[in-house]
Amino acid sequence: MAYCDALDAERRKRRGEPYDGAEGDLFTDCPPFESLTILLGSTNGETFDRIGLVADPYVAGPYAEGYYDITLPVDSAILDAVKPEYRSAFSLHPRK
């Protein structure tokens, strides 16, 4: 999952050392979406083309690491997951 991969990369960067990512460890598991704040963003001011996922301290890491704020571009997999009645509010993120 793109979010979990991006979160793990940020964890490695902040911690400055590799970690084993042992399953069942609060600070190495990928937190469930219910534990995150989800923000929709737009680069064009008309449709949502990025999704921000914010994990508070103690959700994805120890308090000293602070918040984890990961932004993902809307891609075709995300568009496919959006209910049809809301799909027109989303667009693919313009990759640079």
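How many positive and how many negative side chains does the chain have, and how far apart do the centres of the two sets lie? Keep that in mind as you go through these notes.

1. Before anything else: this is a predicted model. Every value below was computed from it.

2. Start with the fold. You should be able to pick out two helices and three strands in the chain. Walk along from the N terminus and the elements come in the order α-β-β-β-α, so to speak with a helix at each end of the list.

3. Now the overall dimensions. Taken along the principal axes, the box that holds the C-alpha atoms is roughly 40 × 25 × 20 Å. The chain has 96 residues, and 30% of them are buried.

4. On to contacts. Take the contacts in the chain with a separation of 6 or more: 41% of them join residues 24 or more positions apart.

5. Back to the opening question. Count 10 positive side chains and 17 negative ones, with 6 Å between the centres of the two sets. As for the surface, its accessible area is about 6,300 Å², and carbon and sulfur atoms account for 54% of that.

6. Last, have a look at the largest pocket, with its volume of about 230 Å³. Its lining includes Met1, Ala2 and Tyr3 from the start of the numbering, along with Phe33, Ile38, Ile51, Leu53, Leu72, Pro73, Asp75 and Ile78. Which elements give two or more residues to this lining? They are helix H1 (2-15), strand S2 (50-55) and strand S3 (68-73).

Note on methods
Residues numbered from 1 in each chain as written. Predicted model: local features only at pLDDT ≥ 70, side-chain atom pairs only at ≥ 80, totals over all residues. Heavy atoms only, no water. Helix = DSSP H or I, 4+ residues; strand = E, 2+ residues; numbered from the N terminus. Buried < 20%, exposed > 50% of the residue type's maximum accessible area, 1.4 Å probe, protein only. Contact = heavy atoms within 4.5 Å. Areas by Shrake-Rupley, 256 points an atom, 1.4 Å probe, with all protein chains shown as cover. Lys, Arg positive; Asp, Glu negative; His and termini not counted. Charge placed at Lys NZ, Arg CZ, Asp CG, Glu CD. 1 Å grid on protein atoms, 1.4 Å probe; cavity = no way out; pocket = protein on both sides within 12 Å on 5 of 7 lines; lining within 4 Å. Points joined across faces, edges and corners; volume = space filled by probe spheres on them.
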